[in-house]
Amino acid sequence: MPDTVIADPAAALPDRIQGVGTSQIGLVADKGRDDPDVVKLWIGEGDLPTPDFIVEAAHRAMLAGETRYTYSRGLPRLHQALSDYHRRHWGVEVAPERFTVTAGGMNAIMQACQALLDPGEEVIIPSPNWPNLAESVRVTGGVPVSVPYRRTADGRFSLPLEDILAAVTPRTRILVVNSPSNPTGWVMPLAEMEALRDAARERGLWILSDEVYGHFTYGNAIAPSFLQVCTPSDRLIVASTFSKNWAMTGWRAGWMVYPAGLEGVFNKLGQYNTTSIPTFIQHAAVAALEEGDGFIRTMVSRCAESRTIMVEGLSRLKGVTVFPPEGAFYLMARVEPGEANRGETSLELAFRLLREAKVGVAPGTAFGPEGEGFIRICFAVSPELAREAVTRLTRVLGTR
Ligand SMILES: Cc1ncc(COP(=O)(O)O)c(C=O)c1O
């Protein structure tokens, strides 16, 4: 006899939902999010507000009545603006039909998993990784398989292609690449993208390329995109977002690029996920793409300045090893056991830094077990705030 009511509602859910992980960043943030004295560097967003020209475009669109349902995949005008943006920055031609506008990069990744995965299929994810990648795989019935980044002698993260390929099994369906990477700052060179493309072609695997930090690099060029090395017929999905470039994390606007010919599929998936994102937000997104290149430059140069302050400041701390990340906007600082780390897990250390230094950092294990021994610090903040964080952390951890 089935129970008429459920005694334990969570236990009544399918394994793929019961297995979904809890965010460790949330565990730390919940202890300090309402404290105005905490320098909050735990989350992946900057401290600048969305620029006025974007807010005004949304406002104008609302007043003009752009408040109704629209195309599931997004406004054709926005697809055209996305196509122009990719040509301008990466020199690639992406036909407007190959874009779907999504509720952030998050929903782009979820739709990719929904479209590609059969139950039990494996998805290879370099780790430590942004946790939502692995959890999207789990929610859609797939099995995330971690491939640890290696560390070079100077502390940088690296990802040899042979490590990715060694994890491939007959059940593998997708290879995930996140370059520039959250949290490691690793950037995949173009030649390695070509090599991975060739390996994926030979094995009939999909590449899911999370390129949301593409503009955040600290050399001379923006990060390469898989769109530069793949044809419209390759098994490639690229996920991207308005969140990071234009300080629009709360707008929940992103996009994906899929192979030519899949617009019908993503039209349906768009319909059954969100039935498009809000129409007036799409008008604001057009403004971001068409008028926002200057703002991206401001964001990135501000991050570059704060990155230097934090790398210099934190490398003086006792037991702490940092290296300048090539991309994204995080420092993955290694905290060696000893005085700085009193035998604490990275989660315990994050709690202590919140209590004693009033600095909110993300524990490395929020990004998988490979993150143990690290804390992740977001430097997409003003140079003043970066200096303040360094001062507070120095007070608690001490210098060498
Ligand atoms: C690697 C990575 N991908 C995707 C996202 C998605 O961001 P959003 O959903 O705000 O577009 C994030 C956000 O932190 C991220 O770090």
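A salt bridge here is a side-chain nitrogen of Lys or Arg within 4 Å of a carboxyl oxygen of Asp or Glu. The structure is a predicted model: local features need pLDDT of at least 70, side-chain atom pairs count only at pLDDT 80 or more, and totals for chains, interfaces and linings use all residues. Residues are numbered from 1 along each chain as its sequence is written, and side-chain values use heavy atoms, with hydrogens and water left out.

Start with the charged pairs. Side chains of opposite charge can pair when their charged atoms come close. Searching the whole structure gives 19 salt bridges. One of them joins Glu 93 to Arg 87, at 2.7 Å from N to O. Glu 93 is exposed, at a relative accessible area of 56%. Arg 87 is partly exposed, at 34%. The cut-offs are these: buried is under 20% relative accessible area, exposed is over 50%, and partly exposed lies in between, for a 1.4 Å probe and protein chains only. The pair does not stand alone: Asp 84, Arg 87 and Glu 93 are linked in a network of salt bridges.

Another salt bridge spans a long stretch of sequence. Asp 35 pairs with Lys 358, and their closest N and O atoms are 2.5 Å apart. Asp 35 sits in the loop between helix 2 (24-29) and strand 1 (39-40), and Lys 358 in the loop between helix 12 (346-357) and strand 13 (359-360), so this pair ties together parts that are 323 residues apart in sequence. Helices (H or I, at least four residues) and strands (E, at least two) are DSSP runs, numbered from the N terminus. Both partners are partly exposed: Asp 35 has a relative accessible area of 21%, and Lys 358 has 29%.

A further salt bridge links Arg 173 and Glu 121, with the closest N and O atoms 3.6 Å apart. Arg 173 belongs to strand 7 (residues 172-178) and Glu 121 to the loop between helix 5 and strand 3, so the contact connects parts that are 52 residues apart in sequence. Arg 173 is partly exposed, at 28%. Glu 121 counts as buried, at 18% relative accessibility.

Now follow the chain into strand 3. Strand 3 (residues 122-127) runs parallel to strand 4 (residues 143-148), and six bridges join them. Two strands pair if DSSP finds at least two bridges between them. Ser 127 has Pro 148 of strand 4 as its bridge partner. Helix 6 (residues 131-139) completes the motif: strand 3, helix 6 and strand 4 make a right-handed β-α-β unit. Right-handed means that, with the strands pointing away from the viewer, the path from the first strand over the helix to the second runs clockwise.

Next comes helix 8 (residues 190-203), where Ala 199 is found. Ala 199 counts as buried, at 6% relative accessibility. Its C-alpha lies 9.2 Å from that of Leu 161, and the two residues are 38 apart in sequence.

Which residues of helix 9 are buried? In helix 9 (residues 263-273), they are Phe 266, Leu 269 and Gly 270. Seen down the helix axis, these buried residues fall within an arc of 105°, so they line one face of helix 9. The arc is that of the directions from the helix axis to the C-beta atoms. An α-helix has 3.6 residues a turn, so residues three or four places apart point the same way. The buried residues of helix 9 pack against strand 2 (99-102), helix 5 (104-116), strand 9 (236-241) and strand 10 (254-257), where contact means heavy atoms within 4.5 Å. After helix 9 comes Thr 275, with a positive phi near 55°.

Further along lies an open sheet. Four strands form it in the order 11-12-15-14, with antiparallel pairing. Strand 11 (320-321) and strand 14 (362-363) stand at the edges with a single partner strand each, so one side of each has no neighbour in the sheet. Strand 12 (residues 330-335) and strand 15 (residues 374-378) pair over five bridges. Tyr 330 has Cys 378 of strand 15 as its bridge partner.

Cys 378 leads to the cysteines. How many disulfides does the structure hold? Zero, where a disulfide is a pair of cysteine sulfur atoms within 2.5 Å. The sulfur of Cys 378 is 7.2 Å from the closest cysteine sulfur, in Cys 303, too far for a bond. Cys 378 is buried, at 1% relative accessibility. For Cys 230, the closest cysteine sulfur is in Cys 113, 18 Å away and too far for a bond. Cys 230 also counts as buried, at 14%.
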